[in-house]
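Student: I should like a close look at a single part of this model. Please take one region and describe it in a connected way.

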Amino acid sequence: QIAARKGRGPRTRNTLPFLIGADVDKNGRPTSFFAGRIDDVRLSKCVRYEGGTFPPPQDLTSDDDTLLLVPCDRTFGPWAIDRSPQRNHPRRIGNAHCTVEKRATVR
């Protein structure tokens with residue numbers, strides 16, 4: 001962790017899409033693409049980790065606080081599989097693709 005501060009005031013909400021691996025412009029298009037590897041993605045409605053460092057879990061798990069859980073080595077057509085209770089199944093766009101690699105080379 002480099003820095004932290006508490007938010008102030010009301011949240012600004014918008015209808016822009018949520019992207020993993022890119023920023024979104026004001027028109028909802030992806031920009032600033034991530035160049036690298038993403039193992040798994042979990043979005044939760046609770047705090048999962050605290051402090052400056054933590055050992056990353058080998059496999060992420062889903063529970064009632066999980067909003068999205070995407071193991072990035074599983075796909076079905078243009079969709080990634082959401083293993084959370086929500087079953088949102090996000091869609092891959094652009095040249096994003098999934099590969100299966102040994103954990104030791106990814107972490």
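Tutor: The model is a predicted one, and a suitable place to begin is the glycine G36. G36 is exposed, with a relative accessible area of 53%; it is classed as exposed because that value is over the cut-off of 50%. G36 is found in the loop between β2, residues 30-31, and β3. A second glycine, G21, lies 15 residues away from G36 in sequence, and the C-alpha atoms of the two are 8.9 Å apart in space.

The loop that holds G36 leads to strand β3, which comprises residues 40-44 and runs antiparallel to β4, with 5 bridges joining the two strands. Within this pairing, R42 stands opposite L69 of β4. Strand β4 spans residues 66-71 and is mostly covered, since 5 of its 6 residues are buried. As background, side chains in a regular strand alternate between the two faces of the sheet.

The loop between β3 and β4 contains both partners of a salt bridge, R48 and D63. Their side chains meet at 2.9 Å, N to O, and the pair links distant parts of the chain, the two residues being 15 residues apart. R48 has a relative accessible area of 28% and is therefore partly exposed. D63, at 30%, is likewise partly exposed. Both values fall in the partly exposed class because they lie between 20% and 50%.

The structure holds 2 salt bridges. Besides the pair R48 and D63, the side chains of R29 and D25 meet in a salt bridge, at 3.2 Å from N to O. R29 is also partly exposed, with a relative accessible area of 48%; this value is under the 50% cut-off, so R29 is not classed as exposed.

One further feature involves R42 again: the second largest pocket. Its lining consists of 14 residues, and those that lie nearest its centre are D40, R42, Y49, P57 and L60. R42 thus appears in two settings, opposite L69 in the strand pairing and in the pocket lining. By class, the lining has 8 nonpolar, 5 charged and 1 polar residues. The space in this pocket amounts to about 250 Å³. Such empty space is revealed by rolling a probe the size of a water molecule over the atoms.

Note on methods
Residues numbered from 1 in each chain as written. Predicted model: local features only at pLDDT ≥ 70, side-chain atom pairs only at ≥ 80, totals over all residues. Heavy atoms only, no water. 1 Å grid on protein atoms, 1.4 Å probe; cavity = no way out; pocket = protein on both sides within 12 Å on 5 of 7 lines; lining within 4 Å. Points joined across faces, edges and corners; volume = space filled by probe spheres on them. Nonpolar A, V, L, I, M, F, W, Y, C, P; charged D, E, K, R; others polar. Buried < 20%, exposed > 50% of the residue type's maximum accessible area, 1.4 Å probe, protein only. Helix = DSSP H or I, 4+ residues; strand = E, 2+ residues; numbered from the N terminus. Pairing = 2+ DSSP bridges. Salt bridge = Lys/Arg side-chain N within 4 Å of Asp/Glu carboxyl O.
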